[in-house]
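User: I have a model open and would like to go through it with you. Can we take the fold, then a few contacts?

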Amino acid sequence: MPELRKARLTARDRARLAAERLKALYTAVSELDHTDAFQMLVATILSAQTTDRSVNSVTPALFARYPEAAALAHANPAEVEAIIKPTGFFHVKAKTIIGASAALMERFHGQVPPRIEDLVTLPGVGRKTANVVLGVAFGIPGFAVDTHVKRLTRRLGLTKSTDPVKIEAQVTKMLPPEEWTGFSLRLILHGRRICLARTPRCPECVLNDFCPSSTVRAKGGRRPSTATAARTRLARGRGAARRRPGHRPGRH
Ligand code: SF4
């Protein structure tokens, strides 16, 4: 029975399988355009409650006008709001990125600090944003937990918790540090495109043959027939699913 096969995979097995397959599906981990850590920080703050495409549509003008923290820290809020308006919540976001820039100037010589302990002291920067910036801009492993990661890690049976700190602690024990950033950011992409909150698109999901929450029976060829087979496939690096036709991977 499929349920029995699913039950025989451990949470660690599912984490490793999911990380491997999502890596094959989403080759890039972030679609936010940026050239340095400051731009990545600002873009990540702007990405709340909107799409990366929306953020990418405003950041060229924003960074042309305010290329570094020194400039944005002293920006006119109304001017910033006008530029970032398409991203939504523009009043709060303008206040946040100006405040974060001012904090960078006051305490970090205008540079984005490469430590989570420092990043989370910036206005509007929580562990999720900090982990994204650390992983993408500095290459420092971090497991960002947002609403998508919370949902997917629970659906995949990697955790029962809804506490982001506990989820981060549990999942990072299942994977090597070099996988943390990529896995969390790919879970976010997958949550936006396939594992939707209300109606997950399980028939299209590359994880549907071992996901305990899958609503469909997996297709024959890709499913590990047993836990041992799944582990063997992992060991041989053959668990990656093929890209879906028409899928457009990230740009960097
Ligand atoms: S199989 Fe369904 S519930 Fe599981 S991760 Fe994929 S879309 Fe989400």
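Analyst: What follows goes from the whole chain to helix packing, a loop residue and the ligand. This is a predicted model, in which local features need pLDDT of at least 70 and side-chain atom pairs count only at pLDDT 80 or more, while totals for chains, interfaces and linings use all residues. Residues are numbered from 1 along each chain as its sequence is written.

User: How many helices and strands are there in the chain?

Analyst: The chain has 13 helices and zero strands, where helices (H or I, at least four residues) and strands (E, at least two) are DSSP runs numbered from the N terminus.

User: And what share of the 252 residues is buried?

Analyst: Buried residues make up 41% of them, a residue being buried if 20 or more other C-beta atoms, placed from the backbone, lie within 10 Å of its own, exposed if 12 or fewer, and partly exposed in between.

User: Now packing: at what angle do the axes of α2 and α12 cross?

Analyst: Helix α2 (residues 11–25) and helix α12 (residues 177–193) cross at roughly 70°, and their axes come within 9 Å; axes are lines fitted to C-alpha atoms, for helices over the stretch in contact, with angles running from 0 to 180 degrees between N-to-C directions. That makes α2 roughly perpendicular to α12, since angles of 65 to 115 degrees count as roughly perpendicular, under 35 as roughly parallel, over 145 as roughly antiparallel and the rest as oblique.

User: Which residues make that contact?

Analyst: On α2 they are A19, L22 and K23, and on α12 they are E179, G182, F183, R186, L187 and H190, with contact meaning that C-beta atoms, placed from the backbone, lie within 7 Å.

User: What about α10 and α11, how do they pack?

Analyst: The angle between α10 and helix α11 (residues 164–172) is about 55°, with the axes 11 Å apart. That makes α10 oblique to α11. Here V149, K150 and T153 of α10 meet P164, I167 and V171 of α11.

User: Switching topic, is G142 buried or exposed?

Analyst: G142 is buried, because 24 other C-beta atoms lie within 10 Å, and it sits in the loop between α9 (127–138) and α10 (147–155).

User: What does G142 touch?

Analyst: Not counting residues up to four places away in sequence, G142 touches I116, N131, L134, G135, W180 and T181.

User: Last one: which residues are closest to the ligand?

Analyst: Of the 14 residues that surround the ligand, the closest are C195, P200, C202, C205 and C211, where a residue counts as near if its C-beta atom, placed from the backbone, lies within 6 Å.

How values were computed. Two residues are in contact if their C-beta atoms, placed from the backbone, lie within 7 Å.
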